[in-house]
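User: Take me through the aromatic rings in this one, please, and what surrounds them. I'd like the cut-offs spelled out as you go.

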Amino acid sequence: QPLSFHLFDGTVLHFDSRILKARSDYFRKMLESGCREAAEGRVDLTSDTSIGPTSLGVVLRFIATGAFLGPNDVEMTTEKL
């Protein structure tokens with residue numbers, strides 16, 4: 001069940017909505033609410049210039065894995081924080 005995130009710069013990031021629902025209460029509530037994003041499989045972020053592909057990618061990776069790249073590209077997990 002792909003979910004696409006459309007960004008202001010034209011970038012489109014695709015992510016599995018099942019992972020988002022399983023790992024994030026926010027996305028679970030949003031995607032189970034019957035909202036437009038859930039029905040269309042598309043999240044329109046084109047009007048928000050503060051969200052870029054790198055930052056959204058980091059957030060999505062963190063949701064999926066519980067890890068993110070910290071300073072100097074050292075992988076950090078929630079256990080290390």
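Analyst:
**The rings and their surroundings**

Of the contacts in the chain with a separation of 6 or more, 47% are between residues 24 or more positions apart, where contact means heavy atoms within 4.5 Å. Bear in mind that this is a predicted model, with local features needing pLDDT of at least 70 and side-chain atom pairs counting only at pLDDT 80 or more, while totals for chains, interfaces and linings use all residues. Residues are numbered from 1 along each chain as its sequence is written, and side-chain values use heavy atoms, leaving out hydrogens and water.

Now the layout. The chain has four helices and five strands, in the order β-β-α-α-α-β-α-β-β; these are DSSP runs numbered from the N terminus, with H or I and at least four residues for helices, E and at least two for strands. Of the 81 residues, 32% are buried, and the cut-offs are under 20% relative accessible area for buried, over 50% for exposed and partly exposed in between (1.4 Å probe, protein chains only).

On to the rings. Searching the whole structure turns up two aromatic pairs. F5 and F27 make an edge-to-face pair, because their ring centres are 6.2 Å apart and their planes sit at 90°. That pair bridges distant parts of the chain, with F5 in strand β1 and F27 in helix α2, 22 residues apart. Both F5 and F27 are buried. Y26 and F27 are also edge-to-face, at 5.3 Å centre to centre and 85° between the planes. The rule used: rings of Phe, Tyr and Trp (its six-membered ring) pair if their centres lie within 6.5 Å, and planes under 30 degrees apart are stacked, over 60 edge-to-face, the rest tilted. Put together, ring pairs join F5, Y26 and F27 into a cluster. Sequence neighbours Y26 and F27 split on burial: Y26 counts as exposed because its relative accessibility is 59%, whereas F27 counts as buried because its relative accessible area is 11%.

What packs around them? In the largest nonpolar core, which has 14 residues, F5, L20 and F27 touch the most other members. Elements giving two or more residues to this core are β1 (2–7), α2 (25–31), β3 (42–45) and α4 (53–65). Such a core is a set of buried Ala, Val, Leu, Ile, Met, Phe, Trp, Tyr and Cys residues joined through side-chain atoms within 4.5 Å. As background, nonpolar side chains in soluble globular proteins tend to be buried together. L20 touches both F5 and F27, and also L3, F15, R28, L31, L60 and I63, leaving aside residues up to four places away in sequence.

R28 has a second role beside the L20 contact: R28 forms a salt bridge with D25, the closest N and O atoms being 3.3 Å apart. Both lie in helix α2, three residues apart, about one turn of the helix. R28 counts as partly exposed because its relative accessibility is 29%, and D25 counts as exposed because its value is 52%. The full count is three salt bridges, going by a side-chain nitrogen of Lys or Arg within 4 Å of a carboxyl oxygen of Asp or Glu. Another of them joins R18 to D16 at 2.7 Å between the closest N and O atoms.
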